[in-house]
Amino acid sequence: MRRVADVVFRAGCPDCRSRFELGAGALRLAIGASDRTTFYSFTCPECGAAVRKPAGERIVELLTGGGVRTLRLHSTASAGRI
Ligand SMILES: [Zn+2]
């Protein structure tokens, strides 16, 4: 069994340039239809900025494996558009 609570991710804030570690609960992952619409986001604990960064395949694997909440953005509906 995995102890998800122990997983921490290193992240940096582009606004205040501080570096810190975040638990899985502090991160959100959004998976889009392509790499360009796949990103993770978090709030900087230092300055409160909302940070959003692109997530490659490896990062997605890492985050989902670590128990980060994942949102799937691409719709599966192929029945035409309004
Ligand atoms: Zn910051």
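# A guided tour, starting in a loop

Start by selecting Ala33, which lies in the loop between strand 3 and strand 4. Ala33 counts as exposed because 10 Å around its C-beta holds 11 other C-beta atoms. For this tour, a residue is exposed if 12 or fewer other C-beta atoms lie within 10 Å of its own, buried if 20 or more do, and partly exposed in between, with C-beta atoms placed from the backbone. Now add His74 to the selection: Ala33 and His74 are 41 residues apart in sequence, yet 5.1 Å apart in space, C-alpha to C-alpha.

Before moving on, a word on what you are looking at. This is a predicted model, in which local features need pLDDT of at least 70 and side-chain atom pairs count only at pLDDT 80 or more, while totals for chains, interfaces and linings use all residues. Residues are numbered from 1 along each chain as its sequence is written.

**The whole chain**

Zoom out and colour by secondary structure. You should find one helix and six strands, running β-β-β-β-β-α-β from the N terminus on. Helices (H or I, at least four residues) and strands (E, at least two) are DSSP runs, numbered from the N terminus. Of the 82 residues, 10% count as buried. Among contacts in the chain with a separation of 6 or more, 51% are between residues 24 or more positions apart; a contact means that two C-beta atoms, placed from the backbone, lie within 7 Å.

**The first hairpin**

Select residues 8-12 and 19-23. These are strand 1 and strand 2, which run antiparallel and are joined by five bridges. Strands are said to pair if DSSP finds at least two bridges between them. Within this pair, look for Phe9, which stands opposite Leu22 in strand 2.

Next, click on Arg17, in the loop between strand 1 and strand 2. What is the phi of Arg17, which is not a glycine? Its phi is positive, at about 65 degrees. Most residues other than glycine have a negative phi. Six residues separate the strands of this hairpin. Arg17 is exposed, since 10 other C-beta atoms lie within 10 Å.

**The four-stranded sheet**

Now show strands 3 to 6. They make an open sheet in the order 5-4-3-6, with mixed pairing. At the edges, pairing on one side only, are strand 5 (50-54) and strand 6 (69-72). Neighbouring strands are turned by 25 degrees against each other on average, direction ignored; such angles are taken between axes, lines fitted to C-alpha atoms (for helices over the stretch in contact), and otherwise run from 0 to 180 degrees between N-to-C directions.

Walk across the sheet pair by pair. Strand 3 and strand 4 are antiparallel, with four bridges, and Ala30 has Phe39 as its bridge partner in strand 4. Strand 4 and strand 5 are also antiparallel, joined by five bridges. In strand 5, Phe39 is partnered by Pro54, and Val51 stands opposite Phe42. Six residues lie between strand 4 and strand 5 in their hairpin, where Gly48 in the turn has a positive phi of about 80 degrees.

Select residues 57-65 next: this is helix 1, which packs on the sheet and touches strand 3, strand 4 and strand 6. The direction of helix 1 makes about 130 degrees with that of strand 3.

**Into the core**

Which residues of strand 4 sit on its covered face, and which on its uncovered one? Tyr40 and Phe42 are on the covered face, whereas Phe39, Ser41 and Thr43 are on the uncovered one.

Display Leu27, Leu29, Tyr40, Phe42, Ala55, Leu63 and Val68 as sticks; these seven residues form the largest nonpolar core. Strand 3 (27-31) and strand 4 (39-43) are the elements that give two or more residues to this core. A nonpolar core here is a set of buried Ala, Val, Leu, Ile, Met, Phe, Trp, Tyr and Cys residues joined through C-beta atoms within 7 Å.

Centre the view on Leu27, in strand 3. Leu27 is buried because 22 other C-beta atoms lie within 10 Å. Leaving out residues up to four places away in sequence, Leu27 touches Phe9, Leu22, Tyr40, Phe42, Leu63 and Val68. Thr70 is 43 residues from Leu27 in sequence and 9.1 Å away in space, C-alpha to C-alpha.

Finish at Ala55. With residues up to four places away again not counted, Ala55 touches Leu29, Thr38, Phe39, Tyr40, Val60 and Leu63.
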